[in-house]
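Colleague: Could you take me through the pockets of this model, beginning with the lining of the largest one? I would like to know how its residues divide by class.

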Amino acid sequence: MAKGRNGGSRRKDGVWDPLKSSSTDRQRAEAVPKTPQTMSPAYRLAYVDEDFLCREELRPIRLQLELMKPEMMLTERGIKSTVVMFGGARIPAPGQSAWAARNDIQRVNLEAASVYYDEARKFARLCSKYSATFNFHEYVIVTGGGPGVMEAGNRGAADEGAPSIGLNIVLPHEQAPNAYVTPELSFNFHYFAIRKMHFMVRAKAIAVFPGGFGTLDEFFECLTLIQTGRMERLPLILFGETFWRSIINFEALAEFGTIAPDDVKLISFVDTAEAAWKIVQDFYEHRE
């Protein structure tokens, strides 16, 4: 805070605020003499008492905090739009072994799928090169922050000297931040639902690479929001047409009548980064 002539203070946004800050009182509370009273959990300031904040009754507050923290930090960074990249954590980089394979068939398939790592990295480079023309405020790459396709997305952004976002979540495995996420934009979540919201709120395009249950969950969440009109239509791009058509029969859903025939058109299939980037360019050509 900037000190005024009479000892008052202004906040970072310039608003006059004569009250002592929470940070100041937190430091003062930590400096009090250690006595049975001050060392009791009851004496802790509520907003720095982690045990209190983790109580079941405070779940609504924790949900709010997970929504607010990344939103505030992305706003402060000036990030206005993103390109979302979903895909399998288990897909290795070219030349690396398939660490997640449980048998020889999986090993062969996953190592062959490293082509998608390459395409994800290329696609992120193309997006980030364009993002540079907006001073990295638009078309910023965002991934789940983990390994595999996620790593490839953040790595492609780093290749162009661009910032990128990682939205990690606490899991028993696979979700430590990869080394290519911009540290100041590396977030961690407890709630899947809030994490999904942050993927969507700035999205201008969504690229989905082969993956497992998590990737399918994220893909169908986006598809449902677009289909139901809860989200504006945007490029929803599936990399690897052979893969996707082998596991989901979209036309069968339309034929059966559980989706409209035109709902299939909400999805675009590509096999290369260049084809995906052209879809994004064409979609926004007359909109920006």
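Modeller: Happy to! The lining of the largest pocket divides into 17 nonpolar, 9 polar and 5 charged residues. Here Ala, Val, Leu, Ile, Met, Phe, Trp, Tyr, Cys and Pro count as nonpolar, Asp, Glu, Lys and Arg as charged, and the others, Gly among them, as polar. Please keep in mind that this is a predicted model, in which local features need pLDDT of at least 70 and side-chain atom pairs count only at pLDDT 80 or more, while totals for chains, interfaces and linings use all residues. Residues are numbered from 1 along each chain as its sequence is written, and side-chain values use heavy atoms, with hydrogens and water left out.

The largest pocket holds about 700 Å³ of space. A pocket is an open set of points on a 1 Å grid over the protein atoms alone, where a 1.4 Å probe fits, with protein on both sides within 12 Å along at least five of seven lines; lining residues have an atom within 4 Å of a point. Grid points are joined across faces, edges and corners, and the volume is the space filled by probe spheres set on the points. There are 31 lining residues, and those closest to the centre of the largest pocket are Ala 89, Gly 212, Phe 213, Gly 214 and Thr 215.

Which elements build this wall? At least two residues each come from β3 (82–86), α7 (192–200), α8 (213–227) and α9 (241–247), and α8 gives the largest share, with 6 residues. These elements are DSSP runs numbered from the N terminus: helices are H or I with at least four residues, strands E with at least two.

The second largest pocket has a volume of about 570 Å³. Of its 21 lining residues, Leu 53, Arg 62, Leu 65, Glu 66 and Lys 69 lie nearest the centre. Two or more residues of this lining come from each of α2 (50–53), α3 (59–77) and β6 (186–189). Helix α3 provides the largest share here, 9 residues. By class, the second largest pocket is lined by 12 nonpolar, 4 polar and 5 charged residues.

If you are wondering about cysteines, the structure holds 0 disulfides (a disulfide being a pair of cysteine sulfur atoms within 2.5 Å). For Cys 127, the nearest cysteine sulfur is that of Cys 222, 15 Å away. Cys 127 counts as buried (under 20% relative accessible area, with a 1.4 Å probe and protein chains only) because its relative accessibility is 0%. Cys 222 is buried as well, with a relative accessible area of 1%.

Technical notes
Buried < 20%, exposed > 50% of the residue type's maximum accessible area, 1.4 Å probe, protein only.
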